[in-house]
Amino acid sequence: MQFSHERIDDHPPCSKLSSLQTGDFTGSGRPDVIVVGMGGNPAVTVAGADVQLPTVGPLSRVTPRFETNIFWYENPGWERHVLAPETDLHPGVGSDLADIDGDGLLDLVVGQGFGRSDVYWYAQPENPREPWGQYHISSRFEKYHDLLVADVDGDGNDELVGLSQDSETVFYYDVPADPYQEPWPDANLHVIDSGTRVEGVAVADVDGDGAREVIAGTNAYHREDEDWRRADICTDWDDTRVAVADLDRDGTPEIVLSEGDSPTFGTHPGRVAWVEYPDGEPTILRDDMFCPHSLQTADLTGNGYPDIYVGEMSLGENDRPVQLVFENLGEFEFREHVVERNIATHEAKLVDMTGDGRLDIVGKSYGPDHHVDVWYRQ
């Protein structure tokens, strides 16, 4: 399983690159790449050298103006465009693409990160190379690690699902008939759970009962009338990234987990595992990884079985980050392949970037180095 590497951007206009989304905005038939960054660690180039700008003291108030927090790359060619001209947005990992206003164009939903409380959606204009309009959804919670647009209540309409870590809340909003109103009405807000700090979200029918569950970290939430019942997927796991895929093709999906912030913010090296829900125990694929914050499932080989991709971060602590694919051979047998060594990635995605029918990998670092990359499947 071979991939070739291309560096899209060695000097993104923002630091602490927090999330990445892909979608065809130009009609080229190829997915473009949105990158979102929290900023706060800006640098400028002076005489060919990167100079770090101060993050404390009087000048720290103006340094965010040197950074662009939301931008995108046009495929092919990778010309970079500003999506949101607003400065000091500080958006976190929580983002998703969906047609919020029903005009047939993908819009961007973004939540703020550490110490911030706003969620916005950005309306894609007819010409996506122009700045996208910003609309305020909510400031009810704080630090949105994950956002996902999906139908969680079975009414046939998509909702906006969110995980607020600092407010320890799992929630969703019904998209209002007029999504341009600011903020969205309190009546559209539904709290699934409170007092729970998690990351990693998916929406799928994981128990085969015909109703979708909300998977948030290692919790599965089942809708019962207007209430939600929580059940453990597994226990004693650090903060996780989450994916759902029918690994054995029996019609009921499994849950895939990676401890994306471990060991830096966890209790042990990061594990990667799959679980048959509701009665299974985690089957560990690796238990020695460094912050495998990228987790995706898709059929990379064409054998009909979803494979599992994970990628490690660096955070200035990991000198040899690795990206792996666990090739699904069927019957829950996996063969491990190394995709890349020594290039860190974060929130990478599996997507066909060239239109050749093969899934590629597009990702970006988190820090301290900042870059955007594509790995093309050969």
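Strand 8 is largely enclosed by the rest of the structure, because eight of its eight residues are buried, where buried means under 20% relative accessible area, exposed over 50% and partly exposed in between, with a 1.4 Å probe and protein chains only. Strands, like helices, are DSSP runs numbered from the N terminus, a strand being E over at least two residues and a helix H or I over at least four. The model is a predicted one, in which local features need pLDDT of at least 70 and side-chain atom pairs count only at pLDDT 80 or more, while totals for chains, interfaces and linings use all residues. Residues are numbered from 1 along each chain as its sequence is written, and side-chain values use heavy atoms, with hydrogens and water left out.

Strand 8 pairs with strand 9 (residues 107-112) in the antiparallel sense over five bridges, two strands being taken as paired if DSSP finds at least two bridges between them. Within this pairing, Asp96 has Val109 of strand 9 opposite to it. Just before strand 8, in the loop that follows strand 7 (79-84), lies His90, which is not a glycine and yet has a positive phi of about 60°. His90 is buried, at a relative accessible area of 14%.

Strand 2 can be read in a similar way: six of its seven residues are buried, and the strand is mostly covered. Strand 2 runs antiparallel to strand 3 (residues 32-37), to which six bridges join it, and Leu20 stands opposite Val35 of strand 3. The loop between strand 1 (3-9) and strand 2 holds Lys16, another non-glycine residue with a positive phi, here about 50°. Lys16 counts as partly exposed, with 33% relative accessibility.

Strands 2 and 8 both contribute to the largest pocket, in which about 650 Å³ of space lies. A pocket is found on a 1 Å grid over the protein atoms alone, as an open set of points with protein on both sides within 12 Å along at least five of seven lines, and its lining residues have an atom within 4 Å of a point; the points are joined across faces, edges and corners, and the volume is the space filled by probe spheres set on them. Of the 31 lining residues, Leu148, Val201, Val242, Gln296 and Lys349 are the closest to the centre of this pocket. Two or more lining residues come from each of strand 2 (17-23), strand 8 (91-98), strand 12 (144-150), strand 16 (201-204), strand 20 (241-245), strand 24 (294-298) and strand 28 (346-351). By residue class, the lining divides into 15 nonpolar, eleven polar and five charged residues, where Ala, Val, Leu, Ile, Met, Phe, Trp, Tyr, Cys and Pro count as nonpolar, Asp, Glu, Lys and Arg as charged, and the others, Gly among them, as polar.

Strand 16 also belongs to an open sheet of four strands, antiparallel in its pairing and ordered 16-17-18-19. Its edges are strand 16 and strand 19 (227-232), each of which pairs on one side only. Strand 17 (residues 213-216) and strand 18 (residues 219-224) are joined by three bridges, and Val214 has Tyr221 as its bridge partner. Beyond this sheet, in the loop between strand 19 and strand 20, is Ile233, a buried residue with a relative accessible area of 5%. Ile233 is 13 residues from Ala220 in sequence, and 6.4 Å separates the two in space, C-alpha to C-alpha.

Strand 24 in turn belongs to an open, antiparallel sheet with the order 24-25-26-27, whose edge strands are strand 24 and strand 27 (333-341). Five bridges hold the pairing of strand 24 with strand 25 (residues 307-311), in which Ile308 is the bridge partner of Thr297.

Two loops contain cis peptide bonds. One joins Glu182 and Pro183, with omega about -15°, and Pro183 lies between strand 14 (169-174) and strand 15 (189-194). The other joins Ser262 and Pro263, with omega about 15°, and Pro263 is found between strand 21 (254-258) and strand 22 (270-275).

Finally, the whole structure contains zero disulfides, a disulfide being a pair of cysteine sulfur atoms within 2.5 Å. The sulfur of Cys234 has its closest cysteine sulfur in Cys291, 18 Å away, which is too far for a bond. Both residues are buried, Cys234 with a relative accessible area of 8% and Cys291 with one of 0%.

Key. On a 1 Å grid over the protein atoms alone, a cavity is a set of points where a 1.4 Å probe fits but cannot get out, and a pocket is an open set with protein on both sides within 12 Å along at least five of seven lines; lining residues have an atom within 4 Å of a point.
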